[in-house]
Number of protein chains: 2
Amino acid sequence: MNATDYQNTRILLSSRPEGEPIAKNFHIETIDVQEPAEGEVLLRTIYLSLDPYMRGRMSSAKSYAAPVEIGDVMEGGTVSEVVESRHPDFAAGNFVLSHCGWQSYAVVPGGRHLRKLDPGSAPISTAVGVLGMPGFTAYAGLLAIGNPQQGETVAVAAATGPVGSMVGQLARIKGANAIGIAGGADKVAFLRELGFDEALDHRSPDFKAQLKDAAPKGIDVYFENVGGAVWDAILPRLNTYARVPVCGLVAHYNDTQMPAGPDQMSKLMRNILTKSLTIRGFIQNEFVKDYYKTFQQDVAGWIASGQIKYREDIVTGLDNAPEAFAGLLTGKNFGKLLVEVAPDSTRV
Amino acid sequence: MNATDYQNTRILLSSRPEGEPIAKNFHIETIDVQEPAEGEVLLRTIYLSLDPYMRGRMSSAKSYAAPVEIGDVMEGGTVSEVVESRHPDFAAGNFVLSHCGWQSYAVVPGGRHLRKLDPGSAPISTAVGVLGMPGFTAYAGLLAIGNPQQGETVAVAAATGPVGSMVGQLARIKGANAIGIAGGADKVAFLRELGFDEALDHRSPDFKAQLKDAAPKGIDVYFENVGGAVWDAILPRLNTYARVPVCGLVAHYNDTQMPAGPDQMSKLMRNILTKSLTIRGFIQNEFVKDYYKTFQQDVAGWIASGQIKYREDIVTGLDNAPEAFAGLLTGKNFGKLLVEVAPDSTRV
């Protein structure tokens, strides 16, 4: 087969969402695949990773990265198979970690930005999950900013997700107590399986009281990836010198305006002052240089030893990406959300 | 004279303020002074330091230190003269840094918590100002948390006060640009005398626009001791990786309720996330062990070389302390606010 025999199905951003992303914000089309030029490779997407940060890219509001332009392919991390290579480092059949976005094929330059994956050492899907960006976000944020000490208490929300589940298990490995917060009884049960010391359902009417009971000595590290009502409940429980790494605010990504008053900003600042809190936003890139290598070694080892478990929520077919993504923002996924765009032949 | 010949005038907290502290929150009384017991010293207050943190002590709200109880002497740092000593390390005529509160005499245990002052090396009043707690708050917070780099921009409000003026001058010494914010033309003029690169009046109707012009490359460190409208103006100007040491929120100390909506807390969190900000509350005590010695050496040297200037606002007579303190919370002071309780015989 020639590259030009393949058809690329791709999903473009057709309009910016007002609040929750809906079908009409996306445009699905199919086009011919071009031949790779010298130095390029043709990739077939096996897995597309869906992650909350993508909501930011759909918006034109100023953020740490440029937005996806209207008419462009939606951005996203992918696990791809090399179909045809005109680059000496890659051969057909290789699997690579790539960033091809929401499409089934892509022609991209070869080079170090494509990391080759060994299906023998770990399932290839983990390259965008527990051994990839979400896992590293948890690892770097918790260790570099949260810095949990033996006997301290670490809390995290969206705790069955790829970031939260790593945060809690890593806290346990470091000798801290882990409080996991999730939505729904099945997720709470899974948190207990993962070894969290306490597992709370934020939908419970007495969630605030449960949190107080679960953290009798207060909270030393809150890994913030949610915001909203969970953060409101956490703030009064934070101890002096508590650390709050902030890597996401998924409860607010669909906000179309600031919530109604009263204005709690001065209350937050007062808590920061009177409890000598550290609130620190971060994007994982900042820590790649100092932490990525140890992350890969540590987490691969902990998966092998059973100290780190992970769960994937796999949706089949690229067409289902928009709906799955909307669900991710409201907590409908259960585990790391992936779209299996083409069958994963390596799966055992 | 015997100790019992002296009369101690003291100011008690008689009720907790609702909003601004007023005369009826204080009770002034005069009582006999007791003889010091073995190991104790009788101190005469020369200077009482008035500082914004005292507003917190008047309130029963949870904070980093216990409140002053109703009927107790108002707390405060003092510069005192030893009148009579029954402790081997102290003799009548010694000057000491002490924490006797709002009163003209006090009998206290001798010991290392009373630091002897040398009137020959620096005016004794500086022990509660530029060479004392406020100066150290600025020094430790700016260096340990703000960590300004050559060519970066540092902003501070209440910039003619003892903390703010040190922050700005120290930023300049470290090679950063210093933006000072104060209320009123005379204060702004003084900031220019101190060598601030930019001096802004937060009362100007176009303050936000002025701030934007004054920080064309954005703000890398904002030393937060005020809160309120200045913070609102600073937040959108903060650069990626900006640091915000928070040591005070004087604009909010008299708040009786949270401000009206919208609720800006999620906006603040979003800024923290998208700009990888560090917001860090602190109380100077935390840094005494690592920074106090170099602080004393550095600042004494910079005062001698003229690189650090300071200004004092001295009110005479303990009776005037309540009114002066209320004025401090609304920016009526101009420089480090002190009450000269008894004449300073060392002043040249």
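This is a short tour of a two-chain model, stop by stop, for you to follow in your viewer.

Before you click, note that this is a predicted model, in which local features need pLDDT of at least 70, side-chain atom pairs count only at pLDDT 80 or more, and totals for chains, interfaces and linings use all residues. Residues are numbered from 1 along each chain as its sequence is written, while chains are lettered from A and ligands numbered from 1 in the order in which they are written.

**Stop 1: both chains**

Colour chain A and chain B separately. A rotation of 180° with 0.0 Å of shift along its axis lays chain B on chain A, with an RMSD of 0.0 Å (the fit is by least squares on the C-alpha atoms of residues with pLDDT of at least 70 in both copies). That is how a two-fold axis relates two copies. To find the axis, select Gly261(B): of the residues of chain B, its C-alpha comes closest, at 1.6 Å.

**Stop 2: where the chains meet**

Now select the interface. Chain B and chain A each bring 34 residues to the contact (two residues are in contact if their C-beta atoms, placed from the backbone, lie within 7 Å). Which helix of chain B gives the most to the side that touches chain A? Helix 7 of chain B does, with nine residues. By class, the side of chain B that touches chain A has 16 nonpolar, 11 polar and seven charged residues. Here Ala, Val, Leu, Ile, Met, Phe, Trp, Tyr, Cys and Pro count as nonpolar, Asp, Glu, Lys and Arg as charged, and the others, Gly among them, as polar. The copies meet through the same surface, because 100% of the interface residues of chain B are also interface residues in chain A.

**Stop 3: a sheet across both chains**

Select residues 278-281 in both chains. Strand 13 of chain A and strand 13 of chain B pair in the antiparallel sense over three bridges; pairing requires that DSSP finds at least two bridges between the strands. Helices (H or I, at least four residues) and strands (E, at least two) are DSSP runs, numbered from the N terminus. Look for Thr278(A), whose bridge partner is Arg280(B).

Next, show the whole open sheet: 12 strands with mixed pairing, in the order 10(A)-9(A)-8(A)-11(A)-12(A)-13(A)-13(B)-12(B)-11(B)-8(B)-9(B)-10(B). Strand 10 (198-201) of chain A and strand 10 (198-201) of chain B stand at the edges with a single partner strand each, so one side of each has no neighbour in the sheet.

For a parallel pair, select strand 8 (residues 153-156) and strand 11 (residues 219-223) of chain A, which are joined over three bridges. There, Val156(A) has Phe223(A) as its bridge partner.

**Stop 4: two crossing helices**

Finally, select residues 133-146 and 288-305 of chain A. The axes of helix 2 and helix 8 of chain A come within 10 Å and cross at roughly 110° (axes are lines fitted to C-alpha atoms, for helices over the stretch in contact, and angles run from 0 to 180 degrees between N-to-C directions). These two helices of chain A are therefore roughly perpendicular, a label for angles of 65 to 115 degrees. Show side chains and look at where they meet: Phe136(A) and Tyr139(A) are among the residues on helix 2 of chain A, and Tyr292(A) and Phe295(A) are among those on helix 8 of chain A. This contact of helix 2 with helix 8 of chain A has nine nonpolar, one polar and no charged residues.

Key. Parallel < 35°, antiparallel > 145°, perpendicular 65-115°, else oblique.
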